[in-house]
Amino acid sequence: MTVQHNNTELTWIQGSNTEKPYVMNLNYGGSMEQLEALIDGSEHCEQEVTYYCRRSHLLNTPDGAPFAWWTGRSNERHPYWGGYFPGDQKCGCGLEESCLEMSNDTGFLSFKDHLPVTQIIISDTNRSNSEAAWRIGPLRCYGDRHFWNAVSFSTEAAYLHIPTFHAEFSADISFFFKTTALSGVFLENLGVKNFLRLEMSSPSEVIFAIDVGNGPMELLVQSPYPLNDNQWHYIQAERNIKETLLHVDNLPKSMRMASEEGHFLLQLNSQLFVGGTSSRQKGFLGCIRSLHLNGQKVDLEERAKITSGVRPGCAGHCNSYGRNCQNGGKCVEKHIGYTCDCTNSPYEGPFCKKEISALFYSGTSVTYMFQEPYPVTKNTSLSSSAIYKDTAPSKEAITLSFMTAQAPTLLLYLNFSSQNFLAILLSRNGSLQIQYRLSKEESHVFTISTENLANRRVHQVKMSRDGPELSIQMDQQLFSYNFPPEVEFQTVRSLILGKVTETLGLDPEVAKANTLGFVGCLSSVQYNHIAPLKAALRHASISPVTVQGTLTESSCDSMIDSDVTGVTTVYSPSVPFGKTDEHEPLTNTIQSDSAFIGGVIAIVTFITFCVLGIMVHFLYQQKQSHRTNQMKEKEYPDNLDSSFRNDIDLQNTAIECKREYFI
């Protein structure tokens, strides 16, 4: 859930001679009590903080007092900033040891007890010619904290005590369970003559038994699959004065109408037993989580902390929910629930489903250098590099999505050595080509699609090689090929997205596609376990990646109907927050480009007239020497024919080395 406040835009503060600090109050609308309830009930909450300063300070004075701070829900001062932890007067760049006098720092505040940010105070505003900018993003909360509120029962005699369940007229019970036991009682509440019980009577049967004084009544749901498979299953039992129902997972429900005669009040007076019975027999072995009674969440974990035989939390969530981690994300067990580790995925987000994409311009180049080992952070030992390490030459897997209106163009370039490479490009007609040069004598060219892919639509390329077996997929088209068994593959030295700046020794066909660079959008780029585009946008300070030109994070889908080759106002990484220098903003970019284009047209016109003059002069000389040339042709016909044949033979020799495949 996202909660906006009254100022989410970037706010600039100009230095002055006043000693009065800058103060901004943030208003979220509604009551603070409602906002705190949302935060407390969520599994995770965060607010993005961006701060930029020039000749101004974010952190401490020489005597240790903070220049700037923010207040949260309890009106307490907090001098820590995005990317750091409560109690530390630092920010994200302090964690990465990358803070500069002219700094740009972005991070997230995620300590729930301090959120939301309600006020910003900046006291270092008395410097002339100084300026600063800040932005506090909206409050974003994810998940239901009570959804993973779970307990584990380790003995049949263990149970939790909960106050009497008041269900005289209606009862609504729901929870998840996971077990390997053959049977066990989930819940039991007793009265003088009435009772309520939920149990798994066998590995495939759940019974809801209830007595309101008219004699016991049982509802039974039989499952075609075992319910003791150590996977999470859902139960909901309902009762009112008209009917009684039992739901298990998505199986057909069991229902019985209430009798029009007799008793209808369910009068219970004992404590509610969770995971056991008053007789301490037939107790439940396994996990129960997310228990709701008549819509109220029950904090099982707090009660488990003071109960023997019952532990807070439940292990093994990934067995049931690991499939939710997509696109190469890894499920990681937590004490409460699980999380998806997207480190080795080109995606991000809670389930590794959010693509990472960027807009490239003609001069944009992203180079990822492969080296092993490479430390994840500056203070980490060399052996800890699990993210950016070298790849085995026996296997390769490449995925990327692209959108462009330009052809020819180079999408991806893998450099094995000064001579060997793998290039994915669009040819002049917009068809997709994959060029594999394995040695000076052997080169393979695969034309995957003959249609024009430079059509401002998103296309996906998947390529995998296992030994000599190669498979390529372009959108829905599939292709496979087996390299000769004697072929030797080499380790990748570097991967380049966009323009290859070091063109020395570049293959002529690749050089043509590389001339104008790549203009368009790339997304979800991955080579084996390396995500180079994600590294450039998310981990530039700790990964072996270099960005030249302007790289702008943007969704490819949002650009489908826009002009990707048009003039766009963007922010260069070296010029933070839209300032080209201390005085001029970037809003003059379009006008400057128009003047530049006019100058180019004038130069092209001048060169055209010069070329025409040279051609006229050349034709006149040709006319004078025409007769002489005819005589020479008659005198040396055999030599000319022999030379022409030699040229043809050389061309045929070169063509024999390059194998082309049209698919």
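A polar contact is a pair of N or O atoms within 3.5 Å; within protein, one of the two must be able to donate a hydrogen and the other to accept it. In the predicted model described here, one such pair involves S357: a polar atom of the side chain of S357 lies 2.4 Å from the backbone oxygen of S554. The distance of 2.4 Å falls within the limit of 3.5 Å.

The surroundings of S357 can be described further. This residue belongs to strand β29, which covers residues 357-360. With a relative accessible area of 4%, S357 is buried, because buried denotes a value under 20%. When its neighbours within four places in sequence are set aside, S357 is in contact with C521, L522, S523, L533, L537, E553, S554, S555 and C556. S554 is thus both one of the contacts of S357 and the residue that supplies the backbone oxygen at 2.4 Å.

The confidence of the prediction should be considered alongside these details. The average pLDDT of the protein is 76, and 73% of the residues score at least 70. In residues 372-392 the pLDDT is below 50, and this stretch has 48 contacts in the model beyond near neighbours in sequence. Residues 626-656 also have a pLDDT below 50, but for this stretch the number of contacts beyond near neighbours in sequence is 0.

Attention now turns to the nonpolar cores. In soluble globular proteins, nonpolar side chains tend to be buried together. The largest nonpolar core of the model contains 45 residues, and the members that touch the most others are F360, L412, L414, L432, F446, L497 and L522. L522 is also among the residues in contact with S357. Another core lies apart from the largest one and comprises 41 residues, including I173, F208, I210 and M217.

An open sheet of 4 strands was also identified. Strands of a sheet pair through backbone hydrogen bonds, either parallel or antiparallel. Here the strand order is β3-β8-β5-β6, and the pairing is antiparallel. Strands β3 (22-25) and β6 (77-78) form the edges, each pairing on one side only. Within the sheet, β5 (residues 68-71) and β8 (residues 119-122) are joined in the antiparallel sense over 4 bridges. Across this pair, W69 stands opposite I121, and W70 stands opposite I120. On its other side in the strand order, β5 is linked to β6 by 2 bridges, again antiparallel; T71 faces R77 of β6 in this pairing. The hairpin of β5 and β6 has 5 residues between the strands, and N75 takes a positive phi near 60 degrees there.

The directions of the side chains were examined in two strands. In a regular strand the side chains alternate between the two faces of the sheet. In β5, A68 and W70 point one way while W69 and T71 point the other way, and all are buried. In strand β26 (residues 338-341), Y338 and C340 point to one face and are buried, whereas T339 and D341 point to the other face and are not buried. Strand β26 runs antiparallel to β25 (residues 330-333), and 4 bridges join the two. C340 of β26 is the bridge partner of C331.

Several backbone features complete the description. Two cis peptide bonds may be noted, each preceding a proline. The bond from L115 to P116 is cis, with omega near 5 degrees, and P116 is placed in the loop between β7 (103-109) and β8. The bond joining A407 and P408 is likewise cis, with omega about 0 degrees; P408 is found in the loop between β31 (395-404) and β32 (409-415).

A positive phi also occurs at C352 and at S524. For C352 the value is about 55 degrees, although this residue is not a glycine. C352 lies in the loop between β27 (347-348) and β28 (354-355) and is buried, with a relative accessible area of 0%. S524, which is not a glycine either, has a positive phi of about 50 degrees. This residue is found in strand β40 (residues 520-527), and its relative accessible area of 4% means that S524 is buried.

Terms used: Residues are numbered from 1 along each chain as its sequence is written. This is a predicted model: local features need pLDDT of at least 70, side-chain atom pairs count only at pLDDT 80 or more; totals for chains, interfaces and linings use all residues. Side-chain values use heavy atoms; hydrogens and water are left out. pLDDT is the predictor's confidence in each residue, from 0 to 100. Contact means heavy atoms within 4.5 Å. A nonpolar core is a set of buried Ala, Val, Leu, Ile, Met, Phe, Trp, Tyr and Cys residues joined through side-chain atoms within 4.5 Å. Buried means under 20% relative accessible area, exposed over 50%, partly exposed in between (1.4 Å probe, protein chains only). Two strands pair if DSSP finds at least two bridges between them.
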